[in-house]
Amino acid sequence: MNAPLPQAPVNWVAVFALVFLPIVAIIAIPFYAYHHDFSLAAWISMFVLLGVSSLGITAGYHRLWAHRAYEATLPLKIILMIMGTFAVQNSILYWGSGHRTHHRHVDDTEKDPYSINNGFWYAHLGWMLRDYPAAAPNYKNAPDLLNDPVVMFQDKYYVPLVIAVHAAILLPIGWAVGDIGGVLLLGGLVRLILSHHVTFFINSLCHMWGSRPYTDENTARDNFWLAIATWGEGYHNYHHIFQYDYRNGVKWWQYDPTKWLIWTCSKLGLAKNLRRIPSFNIKKAELAMKFKYAEQDLAIIYGLNMSDDIAQVKGNIAKEYDAFTQTLNDWTKLKEKEIQAKKAAVAEKIHDMDEKLKVEFQQVEQRLSEHRETLNQLLRNLKKTAA
Ligand SMILES: [Zn+2]
Ligand SMILES: [Zn+2]
């Protein structure tokens, strides 16, 4: 049961953008389609421009400005600012500062601006429709944004910029393909609504639906399907534990077009200092969760039966856990040494050791997954017998 929301005045600008515009779309789209038909070019403009505005949010607003996950050159900043303005999600300053608050106080009903504890609709959309205290602007957590001329320029001229960017993108395309009305409706209006909800899913569904491979200390989830919809932001469980990583889909095979875009920009000299969490730390978090889940399954199995087979798996898992903590201790000692010894040669040696310990982790992981397989098999058998 959600706690009652505090009384708050309606934000009419948000109601216009998020409620009124979709109503206009529902009426105007069938009407226009009936009288004119949409050109193929108008449909294509919708998909392409959805990418333009969404990536402006994911690569720009989110990973560059809210998290400082990499550094961008001025031309890239200007391009991302224009793309993000086209998404109409308020200014970078407001968005970035609010998002930092979300990370700092995630799931805290009173402080998280889009706390999922207030329910799906609040986290998705409702938090913007009224001026709730949790989402009130407070830029104390954003001194860097207050000092960024691109951010401050956009904040100062936000509304004229929104209008100018829409005119400068939509009108030439519409004119070039000979379907201004179609491009305005599909590439403009429908694209904007889709782009809004794509981002809003990150605050709503990405805190409800999916797995938690890295941490269960907050509600954020990893979800491949949402990654597809959100340009890679669906790996939200990883993102909440390692928010400064420029990747959300951290594994090379995970679908994250935003990380590919940032990486490509770095190769083109437009971005630099891409921040990556050391793979050892990532593996550590992942492995710790795997042990936790094994522990939980063992607890279930105790309730059902306690056979010799299960006792053996339990023993094996405990042994792997010892190996895990041992590796962790070795690594901590190594890091202490690294802090003491600054010389390059030593650092290099430590890097080799780092790699070696990572391999040890991988071996633990491999053995653990074999024990898990046995455990799952036993669990299945037991459940079958119980049923
Ligand atoms: Zn989140
Ligand atoms: Zn974030």
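How do the residues lining the second largest pocket divide into nonpolar, polar and charged? Keep that in mind as you click around; this is a predicted model, and the pocket comes up at the second stop.

**Stop one: the zinc ion**

Select ligand 2, the zinc ion, and show the side chains around it. The protein donors are His 62, His 67, His 99, His 103 and His 239, each through NE2, at 2.0 to 2.2 Å from the metal. Along the sequence, the spacing of these donors reads H-x4-H-x31-H-x3-H-x135-H. Now pick out His 67 and His 239: His 67 sits in the loop between α2 (40-66) and β1 (71-72), while His 239 belongs to helix α11 (residues 236-241), so this pair ties together parts that are 172 residues apart in sequence. Switch on a surface and check both of them: His 67 is buried, and His 239 is too.

Next, colour residues 42-263. UniProt, in an unreviewed entry, gives this stretch the feature "domain: Fatty acid desaturase". Helix makes up 61% of the span and strand 1%. Put a distance label on the C-alpha atoms at its two ends and you should get 30 Å.

**Stop two: the second largest pocket**

Select Arg 247, Val 250, Lys 251, Arg 276, Ile 277, Ser 279, Ile 282, Lys 283, Glu 286, Lys 358 and Gln 362, which line the second largest pocket. Its volume is about 230 Å³. Two elements each give two or more residues to this lining, α13 (279-304) and α15 (344-386). The top contributor is α13, with 4 residues.

Colour the lining by residue type and the opening question is settled: 6 residues are charged, 3 nonpolar and 2 polar.

Then colour by domain, with domain 1 as 12-272 and domain 2 as 279-386. Both give residues to the lining, so the pocket lies between them.

**Stop three: two backbone oddities**

Which residue in the loop between β2 (271-272) and α13 should you click on here? Go for Asn 273. Its phi is positive, about 50 degrees, although the residue is not a glycine.

For the other one, jump to the loop between α3 (74-85) and α4 (92-104) and select Val 88. Val 88 also has a positive phi without being a glycine, with a value near 50 degrees. Back on the surface view, Val 88 is partly exposed, at a relative accessible area of 21%; the cut-off for buried is under 20%.

Terms used: Residues are numbered from 1 along each chain as its sequence is written. Chains are lettered from A and ligands numbered from 1 in the order in which they are written. This is a predicted model: local features need pLDDT of at least 70, side-chain atom pairs count only at pLDDT 80 or more; totals for chains, interfaces and linings use all residues. Side-chain values use heavy atoms; hydrogens and water are left out. Donors are N, O and S atoms within 2.8 Å of the metal (3.2 Å for Na, K and Ca); water is not among the atoms, so sites may look incomplete. Buried means under 20% relative accessible area, exposed over 50%, partly exposed in between (1.4 Å probe, protein chains only). UniProt positions are given in the numbering used here, feature names are shortened, and annotations may be inferred rather than shown by experiment. On a 1 Å grid over the protein atoms alone, a cavity is a set of points where a 1.4 Å probe fits but cannot get out, and a pocket is an open set with protein on both sides within 12 Å along at least five of seven lines; lining residues have an atom within 4 Å of a point. Grid points are joined across faces, edges and corners, and a volume is the space filled by probe spheres set on the points. Ala, Val, Leu, Ile, Met, Phe, Trp, Tyr, Cys and Pro count as nonpolar, Asp, Glu, Lys and Arg as charged, and the others, Gly among them, as polar. Domain bounds come from an automatic or database domain assignment.
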